[in-house]
Amino acid sequence: MKFTCEKNALLKEIAVAQEIISSKSTISILSNVLLEALEGTLTIRATDLKVAFETKIPVEVSAPGSTTVFCDKFLGILRSMPEGDIEFEEKEQGTFLIRPVFKKIDFRLKTISSDKYPELPSIAEDLYFSFPQKEFKEMITQTIFSVSEDETRYYMNGVCMEKNEDQLVMVATDGRRLSYISKLSSQLIPNFNQVIIPPKALNLVLRLASGEGSISLAVSDKNVFLMFDNQKLSTALIEGQFPNYQRVIPAEQKYKLKVGIPELLEAIKRVSLLVEQKSKRIYLELSEGRLVLSSEESDLGVAKEELLCEYEGPENVIALNYVYLLEPLRVMEGSSVQIEYTEPNRALTIRPAESTEYFHIVMPMQLD
């Protein structure tokens with residue numbers, strides 16, 4: 001095998017491959033990236049047996065072939081190379097030569113035959129459906145921060161995705177908060193069972209997808225497959241039953257507070273400077289046309305900030321983990337947020353004042 005390509009084009013893809021590869025794996029070939037040069041194209045594959053990645057880039061192929069090399073060292077070598085074209089060649093079985101075209105630099109990496117590389121999961125092309133990339137990325141952004149990190153409740157360690165008539169729905173929860181978003185699809189979504197997608201693959205979509213055009217998705221019993229731009233991703237699904245999230249979504253909330261998102265964000269950042277680090281508790285004091293945020297850190301001091309808002313209802317004090325308010329606000333579009341509640345000790349609904357596609361449910365904390 002022999003091919004030539006521009007350094008940065010390859011470096012970008014190998015960096016992604018290294019993110020996926022399991023460096024702790026006892027199976028040595030899983031620390032390798034597969035390279036296959038054929039007819040002007042280099043195919044790159046990486047997997048940790050749960051998440052699989054494939055991409056193709058144009059190269060100048062002198063001799064077709066395939067091999068695998070240790071990804072971490074390959075990435076380090078590429079980063080050290082000068083700008084420009086680099087030549088790659090498998091001189092004999094077991095040695096991979098790397099050298100820039102215009103400099104006398106010579107690296108030789110040991111290889112493992114591509115025959116030993118695990119087969120990546122696949123699914124029939126006709127099972128894919130298209131969805132706008134920009135909207136799919138927004139769905140991930142609005143939910144992924146609510147994924148639980150408690151491994152004893154593994155069925156909450158991912159984002160739930162399901163079809164609801166002609167809508168695609170994503171939901172995440174950690175038991176104290178819930179994030180929900182649904183998007184109408186202009187194309188037919190095939191029926192599939194509710195699935196739980198691990199965040200590793202979704203974070204890769206956020207980072208790699210351009211946000212332009214469509215993303216193609218397909219769901220099998222054990223995997224979800226995603227194709228976008230020149231990338232292919234697949235990930236094993238989390239087994240188990242996702243909680244019945246519909247039960248915790250309030251059918252109606254009695255009181256509504258409307259306040260500017262930038263103003264509330266900045267106030268939370270300031271007030272949170274004096275919170276107890278274990279509880280992260282701040283207080284929302286509500287009265288007509290006024291919202292007061294406050295916090296107290298034992299032996300250090302207190303913080304308080306007053307904001308104008310639209311609110312008609314009884315005077316109340318609500319205690320919240322400030323992170324559960326800050327994270328939705330950071331990804332919320334529009335100029336104003338609406339916070340809805342019925343009783344100060346029951347679930348709050350947080351949603352953009354200008355949209356009904358997504359919302360966040362937060363459970364309040366004890367006042368003391």
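The following exchange concerns three residues of a predicted model.

Me: What kind of model is this, and how are residues numbered?
Reply: It is a predicted model, in which local features need pLDDT of at least 70, side-chain atom pairs count only at pLDDT 80 or more, and totals for chains, interfaces and linings use all residues. Residues are numbered from 1 along each chain as its sequence is written, and side-chain values use heavy atoms, with hydrogens and water left out.

Me: What is the phi of Glu-165?
Reply: Phi of Glu-165 is near 55°, a positive value in a residue other than glycine. Most residues other than glycine have a negative phi.

Me: Where does Glu-165 lie?
Reply: Glu-165 is in the loop between β11 (159-164) and β12 (167-173); strands are DSSP runs (E, at least two residues), numbered from the N terminus.

Me: Is Glu-165 buried or exposed?
Reply: Glu-165 is exposed, at 65% relative accessible area. Exposed means over 50%, buried under 20% and partly exposed in between, with a 1.4 Å probe and protein chains only.

Me: And what about the phi of Asp-229?
Reply: Asp-229 also has a positive phi, near 50°. Its loop joins β16 (223-228) and β17 (231-236), and Asp-229 is partly exposed at 46%.

Me: Changing topic, which strand holds Ser-130?
Reply: Ser-130 belongs to β10 (residues 129-132) and is partly exposed, with a relative accessible area of 23%.

Me: Which residues is Ser-130 in contact with, leaving aside neighbours within four places in sequence?
Reply: Ser-130 is in contact (heavy atoms within 4.5 Å) with Ser-185, Gln-187, Ser-214, Ile-215 and Ser-216.

Note on methods
Helix = DSSP H or I, 4+ residues; strand = E, 2+ residues; numbered from the N terminus.
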